[in-house]
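Biologist: Please pick one spot in this model and take me through it closely. After that, go on to the charged pairs and the helices that carry them.

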Amino acid sequence: VDIRVLETSEVGRAVARRVAEALRRTPDLVLGLPTGRTPLDVYTELRRLYAAGEVDFSRATAFLIDEFVGLGNSESGSFRRQLGEQLLSVVNFDEARIHSLGGLSDDDDAECRRYEDAIAAAGGLGLLLLGIGSNGHIGFNEPGRTLVSRTHRVTLLESTRQVSHVHLHPLRGNLLVGSADLANHHDSVGLRILVKELEDVD
């Protein structure tokens with residue numbers, strides 16, 4: 001495990017450079033992408049690199065790693081819309097290569113199986129970005145859950161809802177890529193911003 005401790009101001013640039021380098025090596029890279037506050041600086045830097053002609057997403061594939069149950073992809077608050085505004089619609093991703101879980105599915109289990117099949121058909125996740133929550137959740141897979149879970153529906157812990165401002169949203173269900181899928185990838189970057197927690201320690 002390669003663990004790097006960086007100044008907060010350096011994290012976005014460092015991770016974005018790693019993504020850009022991976023895309024230069026493998027233009028048809030399959031990316032697993034999160035939403036939330038943690039990767040915002042990464043996406044800001046990726047937009048800058050794209051505008052400068054230093055990264056190309058045209059052959060890449062993106063899989064979003066979670067979505068709210070009960071929200072359509074274009075609705076305000078959906079993770080698909082958030083990531084579209086933050087990155088996907090700003091750079092040159094091919095819309096046909098962008099995959100997201102369907103929050104409006106009539107059958108959550110069938111939707112999860114569909115997503116599993118799509119990831120497998122794409123050859124698995126080549127580079128995975130993950131947010132690590134303050135309570136240790138990884139990509140909204142809460143602590144204590146099985147490490148062999150596949151894409152599934154969860155009810156988020158209240159601590160996760162509060163930190164991620166999900167408490168402002170009336171929906172508590174979430175579809176997400178499971179721990180086993182997250183572990184079955186070629187490369188990953190786990191992001192954890194510790195500044196506030198360190199400042200709070202007496």
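Modeller: Leaving aside residues up to four places away in sequence, Glu 54 touches Ala 20, Arg 24 and Leu 49. This is a predicted model, and what follows should be read as such. Glu 54 sits in the loop between α2 (40–51) and β2 (61–64). Its relative accessibility is 39%, so Glu 54 counts as partly exposed. One of its partners is far off along the chain: Ala 20 and Glu 54 are separated by 34 residues in sequence, yet their C-alpha atoms are 7.5 Å apart in space.

Another glutamate, Glu 45, belongs to helix α2 itself. Glu 45 counts as buried because its relative accessibility is 10%, and the limit for buried is under 20%. With residues up to four places away in sequence again left out, Glu 45 touches Gly 12, Arg 13 and Ala 16.

The setting for these residues is as follows. The protein has 7 helices and 8 strands. Of its 202 residues, 46% are buried. Among contacts with a separation of 6 or more, 74% join residues 24 or more positions apart. The exposed area is about 10600 Å², of which carbon and sulfur atoms supply 51%.

Now the charged pairs. Side chains of opposite charge can pair when their charged atoms come close. The structure holds 4 salt bridges, and three of them can be described here, starting with Arg 80 and Glu 95. In this pair the closest N and O atoms are 2.9 Å apart. Arg 80 lies in helix α3 (residues 79–88), whereas Glu 95 lies in the loop between α3 and β4 (98–99), so the bridge ties together parts that are 15 residues apart in sequence. The two ends differ in how they are covered: Arg 80, at 11% relative accessibility, counts as buried, while Glu 95, at 52%, counts as exposed.

Helix α3 also holds the pair Arg 81 and Glu 85, a salt bridge in which the closest N and O atoms are 3.1 Å apart. Both residues lie in α3, 4 residues apart, about one turn of the helix. An α-helix has 3.6 residues a turn, so residues three or four places apart point the same way. Arg 81 is partly exposed, with 36% relative accessibility, and Glu 85 is exposed, with a relative accessible area of 53%.

Those two residues are not among the buried part of α3, which consists of Phe 79, Arg 80, Leu 83, Gly 84, Gln 86, Leu 87 and Leu 88. Because 7 of its 10 residues are buried, α3 is largely enclosed by the rest of the structure.

Helix α4 (residues 108–121) contains another pair, Arg 114 and Glu 111, which lie 3 residues apart, about one turn of the helix. Their side chains meet in a salt bridge with an N to O distance of 2.6 Å. Arg 114 is partly exposed, its relative accessible area being 38%, whereas Glu 111, at 9% relative accessibility, counts as buried.

Glu 111 is one member of the buried set of α4, which also includes Asp 108, Cys 112, Tyr 115, Glu 116, Ala 118 and Ile 119. Seen down the axis of α4, the buried residues fall within an arc of 165°, so they line one face of the helix. The face of α4 turned away from that buried side carries the exposed residues Asp 109, Arg 113, Asp 117, Ala 120 and Ala 121.

The length of α4 can be checked as well. At 1.5 Å a residue, its 14 residues should span 20 Å, and the end C-alpha atoms are 20 Å apart, which agrees. At the N-terminal end, Asp 107 caps α4, with a side-chain oxygen 3.1 Å from the backbone nitrogen of Asp 109. After α4 comes Gly 123, which has a positive phi near 95°.

To return to the starting point, Glu 54 is a partly exposed loop residue whose contacts include Ala 20, 34 residues away in sequence.

Methods: Residues are numbered from 1 along each chain as its sequence is written. This is a predicted model: local features need pLDDT of at least 70, side-chain atom pairs count only at pLDDT 80 or more; totals for chains, interfaces and linings use all residues. Side-chain values use heavy atoms; hydrogens and water are left out. Buried means under 20% relative accessible area, exposed over 50%, partly exposed in between (1.4 Å probe, protein chains only). Contact means heavy atoms within 4.5 Å. Accessible areas come from the Shrake-Rupley method with a 1.4 Å probe; for residues, only the protein chains shown count as cover. The expected span of a helix is 1.5 Å times one less than its number of residues. The arc is that of the directions from the helix axis to the C-beta atoms. A polar contact is a pair of N or O atoms within 3.5 Å; within protein, one must be able to donate a hydrogen and the other to accept it, and residues adjacent in sequence count only if both atoms are side-chain atoms.
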